[in-house]
Amino acid sequence: MSRIHAGSEAAHVDWRSDYGSLTYGTTDVPDDIAAGMRLLMDRLHLSYGAADFIVDPGGRWWFLEVNPCGQWDWIQGATGLPIAAAIADELQGVA
């Protein structure tokens, strides 16, 4: 999973307001969050979704939304995550 770190007060309010302060990386998803997302995706009959979370300073994950048409190419470029390949595998039924 990817992460975006907001490096300014403006970006903490809305990360899109200060692109220059953002840094990107990868993160591990807690098992309970991953299980909850798999359940949600199954109940919504979604094969793909861009899920948004906020992780507060205490490490608590807050779910915001899952977008079934969410953008991903820019985060793939910033993090090196193989998102396009994973989507292609899903569409082709590759486990």
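Author: Contact means heavy atoms within 4.5 Å. In this protein, residues 24 or more positions apart account for 33% of the contacts with a separation of 6 or more. The model is predicted, so that local features need pLDDT of at least 70, side-chain atom pairs count only at pLDDT 80 or more, and totals for chains, interfaces and linings use all residues. Residues are numbered from 1 along each chain as its sequence is written, and side-chain values use heavy atoms, with hydrogens and water left out.

Reader: What makes up the pattern of the protein along the sequence?

Author: Helices (H or I, at least four residues) and strands (E, at least two) are DSSP runs, numbered from the N terminus. The protein has four helices and four strands, which follow one another as β-α-β-α-β-β-α-α.

Reader: Why is Q76 called buried?

Author: Buried means under 20% relative accessible area, exposed over 50%, and partly exposed in between (1.4 Å probe, protein chains only). Q76 has 19% relative accessibility and therefore counts as buried. Of the 95 residues of the protein, 20% count as buried.

Reader: Which residues is Q76 in contact with, leaving aside its neighbours within four places in sequence?

Author: Q76, which lies in helix 3 (residues 73-79), is in contact with L81, P82, I83 and A84 when those neighbours are left aside.

Reader: What makes the approach of Q76 to I83 a polar contact?

Author: A polar contact is a pair of N or O atoms within 3.5 Å; within protein, one must be able to donate a hydrogen and the other to accept it, and residues adjacent in sequence count only if both atoms are side-chain atoms. The side chain of Q76 reaches the backbone nitrogen of I83 at 2.9 Å.

Reader: How do you know that R16 and D14 form a salt bridge?

Author: A salt bridge is a side-chain nitrogen of Lys or Arg within 4 Å of a carboxyl oxygen of Asp or Glu. The side chains of R16 and D14 meet at 2.9 Å, N to O, and the distance therefore satisfies the limit of 4 Å. The structure holds one salt bridge.

Reader: Is D14 buried, exposed or partly exposed, and why?

Author: D14 is partly exposed, because its relative accessible area is 27%.
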